[in-house]
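Please open the model in your viewer and keep the sequence panel beside it, since the tour moves from one selection to the next. Each stop names what to select and then describes what is found there.

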Amino acid sequence: MHPTGEAPTRRSFRDVLGRFTTGVVLITARSQDGPAGMAANSFTSVSLDPPLIAVCAAHTSTTWPSIRATGGFAVTILGDADRDVCAAFATPGADRFSGRPWDRTPAGHPLLPTGLAWLDCRIDTIHQAGDHELVIARATTWSLAGDADPLVFHSGRYTRLAS
């Protein structure tokens with residue numbers, strides 16, 4: 001039982017996890033059908049040696065299968081100025097790649113030039129984890145790109161870090 005006497009629910013679990021402040025990234029790839037991409041806040045570093053990261057993708061994602069099929073992807077760490085881009089990439093069916101300039105990583109994946117940093121990654125392992133896939137990927141190339149405030153997500157909304 002919950003301390004308030006309420007039975008835990010899926011929504012209350014999501015609300016609790018939403019109290020953990022995260023950054024936001026774009027996961028993008030050059031797929032067979034053209035560029036594919038999605039926003040994610042379930043991203044973390046795993047290891048420095050070897051350089052590994054983790055990201056989670058929902059089984060319901062219509063974008064993740066295209067990215068997974070490429071065997072690799074780019075990660076763009078978003079800055080506060082990238083809120084509109086993040087919103088487009090979080091909206092199912094949105095035209096995500098038009099109307100803005102894109103660079104390419106050495107592996108050819110789309111790269112948002114306004115991001116704070118980026119990584120080129122190769123998928124190492126995928127674990128089934130409830131309603132998501134837990135993806136462990138090896139970073140093959142990376143770079144700092146910008147020096148601005150990060151895009152921060154907390155309790156279901158964007159927020160800012162205190163100065």
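Begin by selecting Glu133 and Arg68, which form a salt bridge whose closest N and O atoms are 2.9 Å apart; bear in mind throughout that the model is a predicted one. This pair links distant parts of the chain, with Glu133 in strand E10 (residues 132–144) and Arg68 in helix H2 (residues 64–70), 65 residues apart. If you colour by accessibility, Glu133 appears as a buried residue with a relative accessible area of 8%, whereas Arg68, at 31%, counts as partly exposed. A search of the whole structure finds five salt bridges, and the next stop shows others.

Now select Asp80, Arg83 and Arg160, which are linked in a network of salt bridges. Between Arg83 and Asp80 the closest N and O atoms are 3.1 Å apart, while Asp80 and Arg160 form a salt bridge with a closest N and O separation of 2.8 Å. Asp80 lies in the loop between strand E6 (72–77) and helix H3 (83–89), and Arg160 lies in the segment after E12, so this pair ties together parts that are 80 residues apart in sequence. The three residues can also be described by their accessibility: Asp80 is buried at 12% relative accessible area, Arg83 is partly exposed at 29%, and Arg160 is exposed at 58%.

From Asp80, step back along the chain to strand E6. Five of the six residues of E6 are buried, so the strand is largely enclosed by the rest of the structure. Which strands should be shown beside E6? Strand E2 (residues 25–31) pairs with E6 in the antiparallel sense over four bridges, and in this pairing Ile27 stands opposite Val75 of E6. E9 likewise pairs with E6 in the antiparallel sense, here over six bridges, and to find one such position you can select Thr76, whose bridge partner in E9 is Trp118.

Stay with strand E9 (residues 117–129) and select Asp120, which lies within it. How far from Asp120 is the nearest side chain of opposite charge? That side chain is Arg30, 8.9 Å away, and Asp120 is buried yet has no salt bridge; the cut-off for a salt bridge here is 4 Å between a side-chain nitrogen of Lys or Arg and a carboxyl oxygen of Asp or Glu. Displaying the surroundings of Asp120, and leaving aside residues up to four places away in sequence, you will find contacts that include Phe73, Thr105, His109, Arg138 and Thr141.

Next, select strands E1, E11 and E12, which form an open sheet of three strands in the order E1-E11-E12 with antiparallel pairing. Strand E1 (22–23) and strand E12 (157–159) stand at the edges, each with a single partner strand, so one side of each is left without a neighbour in the sheet. Strand E11 (residues 152–154) pairs with E12 over three bridges in the antiparallel sense, and Val152 is found opposite Thr159 in E12.

Finish at the surface by selecting Phe13, Val16 and Leu17, which together make a nonpolar surface patch of about 320 Å². Phe13 has its place in helix H1 (residues 10–17), and with a relative accessible area of 53% this residue is exposed.

Note on methods. Residues are numbered from 1 along each chain as its sequence is written. This is a predicted model: local features need pLDDT of at least 70, side-chain atom pairs count only at pLDDT 80 or more; totals for chains, interfaces and linings use all residues. Side-chain values use heavy atoms; hydrogens and water are left out. Helices (H or I, at least four residues) and strands (E, at least two) are DSSP runs, numbered from the N terminus. Buried means under 20% relative accessible area, exposed over 50%, partly exposed in between (1.4 Å probe, protein chains only). Lys and Arg count as positive and Asp and Glu as negative; His and the chain ends are not counted. Contact means heavy atoms within 4.5 Å. Patches are made of residues with over 30% relative accessible area and no salt bridge: like charges are joined within 9 Å, nonpolar side chains (Val, Leu, Ile, Met, Phe, Trp, Tyr) within 5 Å. Accessible areas come from the Shrake-Rupley method with a 1.4 Å probe; for residues, only the protein chains shown count as cover. Two strands pair if DSSP finds at least two bridges between them.
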